[in-house]
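Reader: I would like a close look at a single part of this model, namely the pairing of its aromatic rings. Please take me through it carefully, with the criteria stated as you go.

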Amino acid sequence: MNENLTIVIQGPLDKKSLNNIDNYLKFGKVIVSTWTESVSIDITQYQKPNVLFVVNDLGKNIDENGNQLDRNFYNNRVERYRNTFLINDNGIKEVDFQNIAKQVNSSLYGINQSTTEYTLKIRSDASYSDLSILLETIKEYPDKIITGNVWAIGCGYIAGIKHFCGISDHFICAKTILIKKMFEIAKQRLIDNKFEGIHERQDLDINNIPYFICPETLLGSCGVLANNEVIDVNKCREYQDKYFRLINIFKLGNVDITVTNQSHTNKDNIVSENSHEE
């Protein structure tokens, strides 16, 4: 086991990631960060040395310090920060597709328990059998934020508006002090409802445009802010070169991830184009 890495599995309990814990233990310690409502699986079989389960009642809007949060932090943002363009088979818009607030806070619960130099945050609806390429990339780029190539974008356009560079919320690794700061900034931006620099149109009422706040661009901007930079949507390439490193997650052994509610494996071609890919 690598003593310098902790793998934080974040999200509702999912056997896809739980059944892969033994593989993850070959590469580091494991923290499973979830919430009370999702604990429908017997976790006793997964409890073992170097595996920590962090279960918090996010439904009651309690932060890591025991403070009661504004109900809007989760409830209203479920509606506000979701992909309004996703329609299910019955023609009904899906609710809670992009609950960024819940993702950010539950990630922080896990990251705050990490005691190793580096922390990898992955989603619970994914599994990777071999993290060797990640460890090699850490050695080569020890101070960068390493992210996967699914939904990682350069300075792209959403709904015709230029957006800040985004990193994949499926796979993020950095020095623990840096990734913690990044998620703390993301949480504060959600609480304050302030997202300056996310896109080029500061004249728009961002609260009335749900899709303009997606986890990729929010976390990408917060990664830059965590490096004490002032974000500028016109400097995406400069920031990518300086602060981020992209790896092809489909080279991490046997891979199974969920993207837009569908499972994808190494055989699927759904990666984002980026010249930084390993």
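Author: Two aromatic pairs are counted, where rings of Phe, Tyr and Trp (its six-membered ring) pair if their centres lie within 6.5 Å, and where planes under 30 degrees apart count as stacked, over 60 as edge-to-face and the rest as tilted. One of them joins tyrosine 128 and phenylalanine 171, which are edge-to-face, with 5.4 Å from centre to centre and 80° between the planes. Because tyrosine 128 belongs to strand β5 (residues 126–128) and phenylalanine 171 to strand β9, this pair ties together parts that are 43 residues apart in sequence; strands here are DSSP runs of E with at least two residues, and helices are runs of H or I with at least four, both numbered from the N terminus. Tyrosine 128 and phenylalanine 171 are both buried, that is, under 20% relative accessible area, with exposed meaning over 50% and partly exposed in between (1.4 Å probe, protein chains only). Tyrosine 239 and tyrosine 243 form a tilted pair, at 6.4 Å centre to centre and 35° between the planes. These two tyrosines, 239 and 243, are four residues apart in helix α8, so about one helical turn separates them, and both are buried.

As to the basis of these values, the model is predicted, so that local features need pLDDT of at least 70 and side-chain atom pairs count only at pLDDT 80 or more, while totals for chains, interfaces and linings use all residues. Residues are numbered from 1 along each chain as its sequence is written, and side-chain values use heavy atoms, with hydrogens and water left out.
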